[in-house]
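Dear colleague,

Please find the structure below for your review. My findings follow directly after it.

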Amino acid sequence: MLNHSKIRYYESIDLVIPHRTSSNQRLFSYADVERLRFILTEQRDRYLPLTQIGELLRQLDTGEAGAEHPGRMRAVDTEDVPRPKPGTRLTKREVSDLTGANLEEIEDFARLGIVEIDPRGRLTSHSVDIIRYALMLTEEGLDLRQVRAVKNSASSHAATIRSVLAPQLAKQSPVARERAYAQGSEMSAVLVKLYQALLVENVEVELDA
């Protein structure tokens with residue numbers, strides 16, 4: 001979701017610079033709106049930190065990014081992979097339609113704590129990607145308990161990030177909270193890259209043993 005405090009934060013770090021009137025009112029052009037859509041898409045779909053998104057925007061602005069640049073491709077919505085809107089709640093049937101998992105498999109994921117089903121029988125929009133990737137791993141031979149170990153690790157790291165950001169959250173202002181969310185997103189992206197590098201290295205060591 002894009003709110004005023006998030007737009008102000010993006011403006012404070014020069015990701016978007018809307019025109020200002022003599023009365024200091026912001027005026028957003030179509031280009032500014034597309035820029036905001038690009039930033040949100042890169043954060044949501046590619047988990048990029050804002051510093052890297054800023055560099056992608058700079059490259060697009062100066063023409064350094066070619067047509068094959070992933071940032072440019074992501075700036076245009078595609079229908080290749082259907083995705084629910086962030087923040088929406090989905091029924092099990094809707095998740096099944098989006099992932100190809102049957103209802104029994106979704107129940108198994110929930111029973112082991114890999115995804116959560118709320119009291120109204122709905123799941124978060126993130127559950128779509130979680131189930132897609134979990135299915136890929138089970139097709140390669142992992143069982144659900146091994147997939148659950150990944151979920152447990154993610155929960156532990158999320159708690160660590162929240163602990164680091166606790167002073168920011170304690171300020172109890174919308175801007176401070178939005179800044180904490182942005183920092184949390186960046187830290188998450190760095191953790192993903194670190195884990196990927198460590199995992200690839202360790203797999204190579206295991207296979208060469």
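Aspartate 143 caps α8 at its N-terminal end, with a side-chain oxygen 3.0 Å from the backbone nitrogen of arginine 145. Helices here are DSSP runs (H or I, at least four residues), numbered from the N terminus. This is a predicted model: local features need pLDDT of at least 70, side-chain atom pairs count only at pLDDT 80 or more, and totals for chains, interfaces and linings use all residues. Residues are numbered from 1 along each chain as its sequence is written, and side-chain values use heavy atoms, leaving out hydrogens and water.

At serine 163, α8 bends by about 35 degrees (the angle between axes fitted to the seven residues ending there and the seven starting there). Proline 167 follows within four residues. Among the buried residues of α8 (under 20% relative accessible area, 1.4 Å probe, protein chains only) are Leu144, Ile161 and Leu165. The buried residues of α8 pack against α6, α7 and α9 (contact: heavy atoms within 4.5 Å).

The largest nonpolar core (buried Ala, Val, Leu, Ile, Met, Phe, Trp, Tyr and Cys joined through side-chain atoms within 4.5 Å) has 15 residues. Of these, Val95, Ile106, Phe109, Ile114 and Ile131 touch the most other members. Two or more residues each come from α6, α7 and α8, with α7 giving the largest share, 4 residues.

Arginine 132 lies in helix α7. Arginine 132 counts as buried because its relative accessibility is 14%. A polar atom of its side chain lies 3.0 Å from the backbone oxygen of leucine 98.

Yours sincerely

How values were computed. Buried means under 20% relative accessible area, exposed over 50%, partly exposed in between (1.4 Å probe, protein chains only). A polar contact is a pair of N or O atoms within 3.5 Å; within protein, one must be able to donate a hydrogen and the other to accept it, and residues adjacent in sequence count only if both atoms are side-chain atoms.
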